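Subject: Structure for your study

Dear colleague,

Please find below the structure that I am handing over to you. I would be grateful if you read the notes after it with the structure open beside you.

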Amino acid sequence: MLDIGKKQKNMQKLSAYRETLWTKPQLRNLFLELTMRCNENCLHCGSRCGEIHSEELTVKQYQKFLDEIKADFGTQDKMLCITGGEPLLRKDFAEIMGYANELGFLWGMTSNATLIDESNARMLRECGMKTISVSIDGLEQTHDNFRRTPSGWKRAMKGIECLLNEGGFQHIQVTTVVTHQNISELDELFKIFDNMDIDSWRVINIEPMGRAKNYPELLLTREDYVTLFEFIRNKRRAGEPVCYGCSHYLGLEYEMEVRDWYYHCTAGTYTASITANGNIIACLDIDRRPEFVQGNILQNRFKDVWENRFQVFRRNLCEENEKCKVCPEKEFCHGDSFHSWDFDANEPLVCMKDILF
């Protein structure tokens, strides 16, 4: 455990570095939302998949785009992050990702795993998938209710088993969205995952975005947040591969205690995304407002957009709010995550300073 003074110095260095990225961004993570279609109907879905429909890029359009990315940025130190919807609903999935693999891109995927059988696990390995994060959001009944998918838990767990049996992947992760209703299941879930040969368990809180806004009873209380972070910290101190997600500045007590890095929202500086219809945005979790669309790969070369636009994301959100502007933590927080900022009220939807410290 680092002392508070050491953390503070490190966070000050990171704050200065983050500001350099506003003028000299470094593309590291490129998300491809292959589809908005999904075979589940989760209560927390930030993209409201199933309700919102979108055109989808063709294989040739993806191939042309990937050729341009390789020519303009290379493939070293770049990660393609494949998501949806449920990416495996694309019947041409293997053709798209096989081509990315041939070009030399590293890629990983988020999935509900319900479509992963022995055949698809083999296909994913042959197409070069290195990492995968599978969603398991509670014990069986809780998971199925939360995702409104009968037998979803059993099918997802079978999918993980198929991946483990296939082998050849660098990292198999389970991600759990913690709500007020399932937080009591963390200990039991740990026992289940501890008996599996997965590489890590990522535990994140439900966010007040997307469909979750319709279910305020699922949001965490102050006591829930403390329980969550104490649970993660205690597991990590015991050497267990449990971590919190990238969201939210947690204060100097919890920074570097619940994940391997200090808080840093990378939207628009390290991270960009291509939506199912080709729109160029920052993080897929950010509210899909028109002003956040920076271009479209069918009309714009991504390199030009990355280098000359994205200014809306390369700024300190704290300066937009009178309370945040005078907050002593603003140097480290920068307004917290873009996906949890209310751009109409110009205030954070989640402020861990008010919750934790």
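The notes below describe the sheet, two helices and several salt bridges.

Please keep in mind that this is a predicted model.

The sheet

The strands form an open sheet of ten strands with mixed pairing, in the order 7-6-5-4-3-2-1-8-9-10. Its edge strands are strand 7 and strand 10, each of which pairs on one side only. As background, strands of a sheet pair through backbone hydrogen bonds, and they may do so in a parallel or an antiparallel sense.

A good place to begin is strand 6, which covers residues 200–205 and is mostly covered, with five of its six residues buried. Strand 5 (residues 171–178) pairs with strand 6 in the parallel sense over six bridges. Within this pairing, Thr175 has Arg202 of strand 6 as its bridge partner. Between the two strands the chain passes through helix 7 (residues 186–194), and this β-α-β crossover is right-handed.

Strand 6 also runs parallel to strand 7 (residues 242–244), and three bridges join the two. Here Arg202 appears again, with Cys243 in strand 7 as its bridge partner. To get from strand 6 to strand 7, the chain goes through helix 8 (residues 222–237), in a β-α-β crossover that is right-handed.

An antiparallel example is found elsewhere in the sheet: strand 8 and strand 9 pair in that sense over two bridges. In this pair, Ile274 stands opposite Ile280 of strand 9.

The two helices

How do helix 7 and helix 8 lie relative to each other? Their axes come within 12 Å and cross at roughly 30°. Because angles under 35 degrees count as roughly parallel, helix 7 is described as roughly parallel to helix 8. The crossing of helix 7 past helix 8 is right-handed.

Salt bridges

Side chains of opposite charge can pair when their charged atoms come close. In the whole structure, a search finds 24 salt bridges. Three pairs and one network are set out here.

The pair Arg233 and Glu230 forms a salt bridge at 2.6 Å, N to O. Both residues belong to helix 8, where they are three residues apart, about one turn of the helix. Is each partner buried, partly exposed or exposed? Arg233 counts as buried because its relative accessibility is 6%, whereas Glu230, at 26%, counts as partly exposed.

Helix 8 also takes part in the salt bridge between Arg236 and Asp260 (2.4 Å, N to O). Arg236 lies in helix 8 and Asp260 in the loop between strand 7 and strand 8 (271–274), so this pair ties together parts that are 24 residues apart in sequence. Asp260 counts as exposed, at 56% relative accessibility.

In the salt bridge of Arg289 with Asp344, the closest N and O atoms are 3.2 Å apart. This pair links distant parts of the chain, 55 residues apart: Arg289 is in the loop between strand 9 (279–281) and strand 10 (295–296), and Asp344 is in the loop between strand 11 (341–342) and strand 12 (347–348). Arg289 is buried, at a relative accessible area of 18%, while Asp344 is exposed, at 64%.

Finally, Arg37, Glu56, Arg90 and Asp92 are joined into one network by salt bridges that share partners.

Yours sincerely,
A colleague

How values were computed: Residues numbered from 1 in each chain as written. Predicted model: local features only at pLDDT ≥ 70, side-chain atom pairs only at ≥ 80, totals over all residues. Heavy atoms only, no water. Buried < 20%, exposed > 50% of the residue type's maximum accessible area, 1.4 Å probe, protein only. Helix = DSSP H or I, 4+ residues; strand = E, 2+ residues; numbered from the N terminus. Pairing = 2+ DSSP bridges. Right-handed = clockwise from strand over helix to strand, strands pointing away. Salt bridge = Lys/Arg side-chain N within 4 Å of Asp/Glu carboxyl O. Axes fitted to C-alpha atoms, helices over the stretch in contact; angles between N-to-C directions. Parallel < 35°, antiparallel > 145°, perpendicular 65-115°, else oblique. Left-handed = near helix turned anticlockwise from the far one by under 90°.
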